[in-house]
Amino acid sequence: MLDLKLTNARIRTVDDERPLATALGIVAGRVLGLDEDVADLPARTTVDCGGAVIVPGFGDAHNHMAWFGQSLSELELETVSTLDGLHDAVARAASALPEGAWIVGSGYDDALLGAHPDRHGLDRAGGGRPVWLKHRSGHMCTVSSAVLRQVGADTASVADPDGGVIVRDGAGVPTGLLQERAQEMVTALVMPYPVAELADALARASRVYASEGLTHVVEAGIGRGLIGRTPVEAAAYQLARDRGALLTRVELMVAADNMHPLDGHADDGAGAGIDLGLRTGFGDDRLRLGPMKIWLDGSLIGHTAAVSEPLCGHGHGVYQNSPEEMRALVVAAHRAGWRVAAHAIGDDAVDVALEAFTEAQRAFPRPDVRHRVEHAGVVRPDQLPRIAEAGLVPVPQPRFLYALGDGMAAAVGPDRVPWLYRHRSFLDHGLRVPGSSDRPVAPGAPLLGMESMVERATSSGAVLAADERVSAQQALRAYTIDAAWASHDEHRRGSLTPGKLADLVVLDRDPVDTAGEGIGTIRVLATLVGGECVYGAENLDGLA
């Protein structure tokens, strides 16, 4: 007997052998069959979908779940469009807090504001309290004088930390803007966060993800390092799962800062890793370890991406550590059995990633390992065949084009706009491109990401590199089977194929045949993970 039968649906399976169906049967969390395979089988629950569209569950190959979940309880600044408005928001928050309490805000965008806030404005707005405002990119933040004093960075004599920049005024005095690893001076004051607090944040994020049709996400960097929340961050995911609050499947990238040389038998080729020799793949289909994450450069919108030619009005960018050190770490992690995800936005950083992965494979061959280049924001034409030859997975974020595209285009200049966040060029070179968001840097709803893959429009209406557009069918594949493939998971999820996990999304319209309407306006009716409804049971009779 089936556990669940879904009938009267328009099913896009994303399975080339059987692309369309109208009915689907589920047993023990997996797809048993389609149409005639299940037509005569009894089911404990049968749901008439009323002509709704069913597609495989969406995957996000690069997001920051804990960061996003925490931001939901912080001062929201994404929509603030002026410095006066930002100062007003800080002042309102200050009025509700006791003296000395921290004011923490997330998501401000200097491109919207016209400039970064500075310490003096935050001092006035916050009444002298510690104020910490995080830029939407995650690659910089602005703090008040009270915070600068606490970290010993309030005078011109302070030196920049390795891999970081303390921005200064004409007299050399810090303005309050901290870029890249300079932010760690501030995070050291508040981290590590308690595991229970992070589990609560993950629960908040998970509810949002389920409402958007996400059934699998890759967390792009846990533990120590630029994005990590605590050295024991995996415990927060385990706690959220134990509580039943982790509604999506999660793969955890382990930040490179957690890696260290491993002792073991000489024959093991242990290289670098984490304690007990745990590596990519440890865990199960609900929660497991993914790649080792290494940050090579900074961000385009922060003008810290490492580029071969200077950005408009700016320099070559910032490396988090020396390229030589990072290449050695990539090789050691590869040798130890990790997949590696290298954050490389500028084309110079992409060169470093290519060199490191090529060296690793030459020294210690591993077939079909699927190392990744996270973001691949600026990729020169000559790099495309090299990425393909190395068998790498580029992981660009399509919604950046809408949310940040105007600023990125201004940063790189018109000659390099065709190199920005490519998609069609990767496909033309035989590469597979998973859908991802980098949330909360940009909105993370997969349907919005698909829309940007198809349209490539910025928020101002400009179209960036129209030749890089892809079809709606390819956009759907990116967020389903290609996202699964990037995690070596295509054999168990990503398409509605008999035997695979019953992860699926019920939509009110077809994302492939949109009849001229934007994909981003499609409504998610329900989300099922392993055949269990995690969102929208009230939208389909009998699904509860």
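**Exercise 1. A strand and its partners**

In which sense do β24 and strand β25 (residues 532-535) pair, and over how many bridges? Work this out on the predicted model, then describe the other partner of β24 and its burial.

*Solution.*
Step 1. The pairing of β24 with β25 is antiparallel and runs over three bridges. One residue pair to look for is L528, which stands opposite C533 in β25.
Step 2. Two residues lie between β24 and β25, which form a hairpin. In its turn, G530 has a positive phi of about 60°.
Step 3. β23 is also joined to β24, by four bridges, and these two strands run antiparallel. Here L504 is the residue opposite L528 in β24. L528 therefore faces L504 in one pairing and C533 in the other, and in a regular strand the side chains alternate between the two faces of the sheet.
Step 4. As for burial, six of the six residues of β24 are buried, and the strand is mostly covered.

**Exercise 2. A covered helix**

Which residues of helix α15 (residues 446-455) are buried, and what covers them?

*Solution.*
Step 1. Seven of the ten residues of α15 are buried, so the helix counts as mostly covered, where buried means under 20% relative accessible area.
Step 2. The buried residues are P446, L447, G449, M450, E451, S452 and M453.
Step 3. Their cover includes the helices α12 (400-403) and α16 (472-478), together with the strands β8, β15, β23 (504-507) and β24 (524-529).
Step 4. Just past the end of α15, R456 has a positive phi of about 55°.

**Exercise 3. Enclosed space**

How many cavities of 30 Å³ or more are there? Describe the linings of the largest and the second largest.

*Solution.*
Step 1. The count is four cavities of 30 Å³ or more.
Step 2. The largest cavity has a volume of about 150 Å³. It is lined by 20 residues, and those closest to its centre are S137, H139, S299, I345 and D438.
Step 3. Sorted by class, the lining of the largest cavity holds eleven nonpolar, seven polar and two charged residues.
Step 4. The second largest cavity has a volume of about 70 Å³. Among its 13 lining residues, G57, T215, R493, G494 and D503 are the closest to its centre.
Step 5. Two elements give two or more residues to the lining of the second largest cavity: β8 (58-63) and β15 (214-222). By class, this lining has five nonpolar, six polar and two charged residues.

**Exercise 4. Two open sheets**

What is the strand order in the open sheet of six strands, and in the open sheet of four?

*Solution.*
Step 1. The six strands are ordered β9-β10-β11-β12-β14-β13, with mixed pairing. β9 (75-76) and β13 (164-168) are the edge strands, each pairing on one side only.
Step 2. Inside this sheet, strand β11 (residues 131-135) and strand β12 (residues 140-143) run antiparallel and are joined by three bridges. L133 has T142 in β12 as its bridge partner.
Step 3. Helix α2 (residues 83-95) packs on the sheet, where it touches β9, β10 (103-108) and β11. The direction of α2 makes about 150° with that of β10.
Step 4. The four strands are ordered β5-β4-β1-β6, and the pairing is again mixed. Because β5 (30-34) and β6 (43-48) each have a single partner strand, one side of each lacks a neighbour in the sheet. Ignoring direction, neighbouring strands of this sheet are turned by 20° against each other on average.
Step 5. Strand β4 (residues 24-27) pairs with β5 over four bridges in the antiparallel sense. The bridge partner of V27 in β5 is R30.

**Exercise 5. Two single residues**

Is T230 buried or exposed? How does R424 count by the accessibility rule?

*Solution.*
Step 1. T230 lies in the loop between β15 and α8 (233-242). Its relative accessible area is 4%, so T230 is buried.
Step 2. Beyond its neighbours within four places in sequence, T230 contacts P192, Y193, L198, G223 and R224.
Step 3. R424 is in helix α14 (residues 424-428). With 27% relative accessibility, R424 counts as partly exposed.
Step 4. Not counting residues up to four places away in sequence, R424 touches D467, E468, R469, V470 and S471.
Step 5. N321 is 103 residues from R424 along the chain, and their C-alpha atoms are separated by 32 Å.

Note on methods: Residues numbered from 1 in each chain as written. Predicted model: local features only at pLDDT ≥ 70, side-chain atom pairs only at ≥ 80, totals over all residues. Heavy atoms only, no water. 1 Å grid on protein atoms, 1.4 Å probe; cavity = no way out; pocket = protein on both sides within 12 Å on 5 of 7 lines; lining within 4 Å. Points joined across faces, edges and corners; volume = space filled by probe spheres on them. Nonpolar A, V, L, I, M, F, W, Y, C, P; charged D, E, K, R; others polar. Pairing = 2+ DSSP bridges. Contact = heavy atoms within 4.5 Å. Axes fitted to C-alpha atoms, helices over the stretch in contact; angles between N-to-C directions. Buried < 20%, exposed > 50% of the residue type's maximum accessible area, 1.4 Å probe, protein only.
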